[in-house]
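Here's a walk through a chain, starting with its charged pairs and moving on to its helices and rings. Have a look at the sequence and the model before reading on.

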Amino acid sequence: IARLAFKNSVMTVVSSVITTYRSLVTQYNNLNNDKKSLANQEQQVTNDQLEVKVGQMAPSDLIQQQENVEQTRLTLVQQEQTLRDAYYGFLTQLGLIPSTKITIDRHISIGHEKVPTLNNCIKVALAHNVGYRTALLNLNITKRALITANNARKWSLTVTSAVTMISQRS
């Protein structure tokens, strides 16, 4: 049972590191998307400024566009802070100090593995489920204790005998 508990704690830590890594990659992707959005909005504001000069657009519409650009800049700053927090969280999860500089692979590839059948999935899940295996071990221990208790409850007969042989010599 102790070995299963250790295995469960290792599995939990590995799963947590993977989840934190995926969250970090998601934050990088969100930051890149926000940067692209800001660049597109800035380009749109430049185009709108030309339209205002030509007289094809009202200046109030340009002000609304500029407000949207500033809102996107604020979102970008917030996203950078969120990314920094996710990076520090990932380093902490790995047991590294926050000042450590590592390169994060930002590409998560998903293979084209074949999904097993439902029965295979259930077998694999039960074979590697620490809680289930611990419960099975405890069930077997309880069964053995019950059998031992039933045997101890049964009547017992203890027979002792003594034989004395006397020989007669003449």
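Searching the whole structure turns up two salt bridges, where a salt bridge is a side-chain nitrogen of Lys or Arg within 4 Å of a carboxyl oxygen of Asp or Glu. Keep in mind that this is a predicted model, in which local features need pLDDT of at least 70 and side-chain atom pairs count only at pLDDT 80 or more, while totals for chains, interfaces and linings use all residues. Residues are numbered from 1 along each chain as its sequence is written, and side-chain values use heavy atoms, with hydrogens and water left out.

**The charged pairs**

One bridge joins the side chains of Glu42 and Arg73, at 2.5 Å from N to O. Glu42 sits in helix H1 and Arg73 in helix H2, so this pair ties together parts that are 31 residues apart in sequence. Helices here are DSSP runs (H or I, at least four residues), numbered from the N terminus.

Arg73 also forms a salt bridge with Glu70, and the closest N and O atoms there are 2.5 Å apart. Arg73 and Glu70 are three residues apart in helix H2, so about one helical turn separates them. As a rule, an α-helix has 3.6 residues a turn, so residues three or four places apart point the same way. Because the bridges share partners, Glu42, Glu70 and Arg73 end up joined in one network.

How open to solvent is this trio? Buried means under 20% relative accessible area, exposed over 50%, and partly exposed in between (1.4 Å probe, protein chains only). Glu42 is partly exposed at 30%, Arg73 is partly exposed at 33%, and Glu70 counts as partly exposed at 46%.

**An acid without a partner**

Asp34, in helix H1 (residues 2-54), is another story. Asp34 is buried yet has no salt bridge, and the nearest side chain of opposite charge, Lys35, is 9.9 Å away. For that tally, Lys and Arg count as positive and Asp and Glu as negative, with His and the chain ends not counted.

What does Asp34 touch, not counting residues up to four places away in sequence? The list is Thr72, Thr75, Leu76 and Gln79, with contact meaning heavy atoms within 4.5 Å.

**The two helices**

H1 has 53 residues and reaches 78 Å from its first C-alpha to its last, close to the 78 Å expected at 1.5 Å a residue. The expected span of a helix is 1.5 Å times one less than its number of residues. For H2, the 36 residues should span 52 Å, and the end C-alpha atoms are 53 Å apart, which agrees.

Buried residues of H1 include Leu24, Leu31, Asp34 and Leu38, and the buried residues of H1 pack against H2 and helix H4 (130-153). On the other side, the buried residues of H2 include Thr72, Leu76, Gln79 and Leu83, and the buried set of H2 packs against H1.

Each of these helices is followed by a glycine. After H1 comes Gly55, whose phi is positive, near 95°. Just after H2, Gly95 takes a positive phi of about 85°.

**The rings**

Rings of Phe, Tyr and Trp (its six-membered ring) pair if their centres lie within 6.5 Å; planes under 30 degrees apart count as stacked, over 60 as edge-to-face and the rest as tilted. By this rule there are two aromatic pairs.

| Pair | Centre distance | Plane angle | Class |
|---|---|---|---|
| Tyr21 and Phe90 | 5.9 Å | 45° | tilted |
| Tyr87 and Tyr88 | 6.1 Å | 55° | tilted |

The Tyr21 and Phe90 pair links distant parts of the chain, with Tyr21 in helix H1 and Phe90 in helix H2, 69 residues apart. Tyr21 is partly exposed at 22%, whereas Phe90 is buried at 7%. In the other pair, Tyr87 is buried at 11% and Tyr88 is partly exposed at 34%.

Tyr87 comes up again in a backbone distance: its C-alpha atom and that of Ser23 are separated by 9.3 Å, though the two are 64 residues apart along the chain. Ser23 is in helix H1 and is partly exposed at 33%.

**Confidence**

The chain averages a pLDDT of 85, and 98% of the residues score at least 70; pLDDT is the predictor's confidence in each residue, from 0 to 100. Among the elements, helix H3 (residues 118-128) has the lowest mean, 84, and helix H2 (residues 59-94) the highest, 89.

Technical notes: Helix = DSSP H or I, 4+ residues; strand = E, 2+ residues; numbered from the N terminus.
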